[in-house]
Amino acid sequence: MKDTKTLYILVPCYNESEVLPLSSKVFRDKLMQLIDDGKVSADSKIAFVDDGSKDNTWSIIESLHELDPIFVGVKLSRNRGHQNALLGGMATIVKDCDMIVTIDADVQDDVNAIDKMVDEYYNGAEVVYGVRDSRETDTFFKRFTAQGFYKLMNAMGVETIYNHADFRLMSSRAVEALLEFKEVNLFLRGMVPLVGFKTAQVTYDRAPRMAGESKYPLKKMLTFAFDGITSFSIKPIRLITSLGAVALILSILFAVYALISHATHHTVPGWTSTVLSVWFFGSLQLIATGVVGEYIGKIYLETKGRPRFFIEKYLNK
């Protein structure tokens with residue numbers, strides 16, 4: 001291609017010292033192949049974002065940068081979470097490139113799909129989603145929970161791309177538009193579709209993790225899903241209202257039953273009905289209070305307007 005564009009492959013890292021020596025070679029080989037094929041500019045880079053790692057991840061990134069300038073490093077001042085690391089990295093490098101591919105350090109996402117993403121970019125797409133072709137390699141539990149995650153998000157009114165995580169290509173214009181969103185509670189899988197512009201999808205098969213452990217166990221995935229729902233949808237509050245209406249109807253029916261039993265002298269002194277009703281309505285109230293409190297907590301964090309991240313170092317020379 002005559003007018004090749006600059007690509008930065010952005011890789012968020014948190015305690016990835018085991019996998020980085022392996023995955024960095026994979027990323028470099030892929031980028032060099034893209035450069036040799038004339039698909040991207042020779043100024044293209046691989047940018048690692050250290051999300052406040054506790055191991056020697058940053059030292060490895062510094063060593064890679066010193067050995068080969070194709071590697072650049074962004075260091076956050078402290079751990080801010082995967083989504084903030086992605087956004088912080090994009091905000092730092094967006095002025096240096098024409099397009100950004102975000103991909104996790106474990107190389108479970110197929111780097112060969114980047115070729116098709118770049119092709120879609122040249123065809124006019126400004127956001128290209130990497131979508132898993134199947135989940136045959138997952139365990140039944142992982143497949144069940146992952147598919148349930150996407151279905152739940154969509155049912156709650158959160159627009160997401162099915163079987164898409166954070167493996168995507170975005171043009172610099174799309175990234176700059178994304179940076180206009182100022183919320184503190186980040187859920188990029190829901191935010192990116194709101195940017196608009198022309199989109200495309202590329203399917204791929206996901207591989208096993210090269211080394212190290214997953215940074216998203218079940219507990220963290222559930223928290224991630226709940227954050228996504230409460231950041232993009234008010235359906236849980238409406239659901240509480242519906243549950244309250246159902247509980248009210250049940251209470252009226254129970255009251256009618258109690259009055260009829262009293263009038264016909266069929267009442268039997270006991271504690272079962274009382275205990276059950278107290279527990280039922282008490283639990284309902286606690287759940288309702290918790291959900292509403294979650295929304296109030298997010299409002300509290302948003303009104304503070306605190307910075308989402310601080311960049312401590314940027315190695316790109």
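**Exercise 1.** In which strand is the place of leucine 315? Then work out what surrounds this residue in the predicted model.

*Solution.* Start with the secondary structure: leucine 315 belongs to strand E8, which covers residues 311-315. Next, look for its contacts, skipping anything within four places in sequence. That leaves Trp58, Glu62, His65, Val72 and Gly73. Finally, check a long-range pair: alanine 47 is 268 residues away from leucine 315 along the chain, yet their C-alpha atoms are 9.0 Å apart.

**Exercise 2.** Find aspartate 51 and work out how its charged side chain is accommodated.

*Solution.* First, place the residue: aspartate 51 is in the loop that links strand E2 (45-50) to helix H2 (57-67). Now go looking for a salt bridge. Aspartate 51 is buried, and the nearest side chain of opposite charge, that of arginine 80, is 6.8 Å away. The cut-off is 4 Å, so aspartate 51 has no salt bridge. Don't drop arginine 80 just yet, though: the aspartate 51 side chain reaches the backbone nitrogen of that residue at 2.7 Å. To finish, list the contacts beyond four places in sequence: Cys13, Tyr14, Leu76, Arg78, Asn79, Arg80, Gly81, His82 and Ala85.

**Exercise 3.** Decide whether leucine 253 is buried or exposed, and find which surface patch it helps form.

*Solution.* Leucine 253 sits in helix H9, residues 235-263. Its relative accessibility is 55%. Exposed means over 50%, so leucine 253 counts as exposed. As for the patch, leucine 253 joins Val246, Ile249 and Leu250 in a nonpolar one on the surface, with about 380 Å² of accessible area together.

Note on methods:
Residues numbered from 1 in each chain as written. Predicted model: local features only at pLDDT ≥ 70, side-chain atom pairs only at ≥ 80, totals over all residues. Heavy atoms only, no water. Helix = DSSP H or I, 4+ residues; strand = E, 2+ residues; numbered from the N terminus. Buried < 20%, exposed > 50% of the residue type's maximum accessible area, 1.4 Å probe, protein only. Lys, Arg positive; Asp, Glu negative; His and termini not counted. Polar contact = N/O pair within 3.5 Å; in protein donor to acceptor, adjacent residues only side chain to side chain. Contact = heavy atoms within 4.5 Å. Patch = residues over 30% accessible without salt bridge, like charges linked within 9 Å, V, L, I, M, F, W, Y side chains within 5 Å. Areas by Shrake-Rupley, 256 points an atom, 1.4 Å probe, with all protein chains shown as cover.
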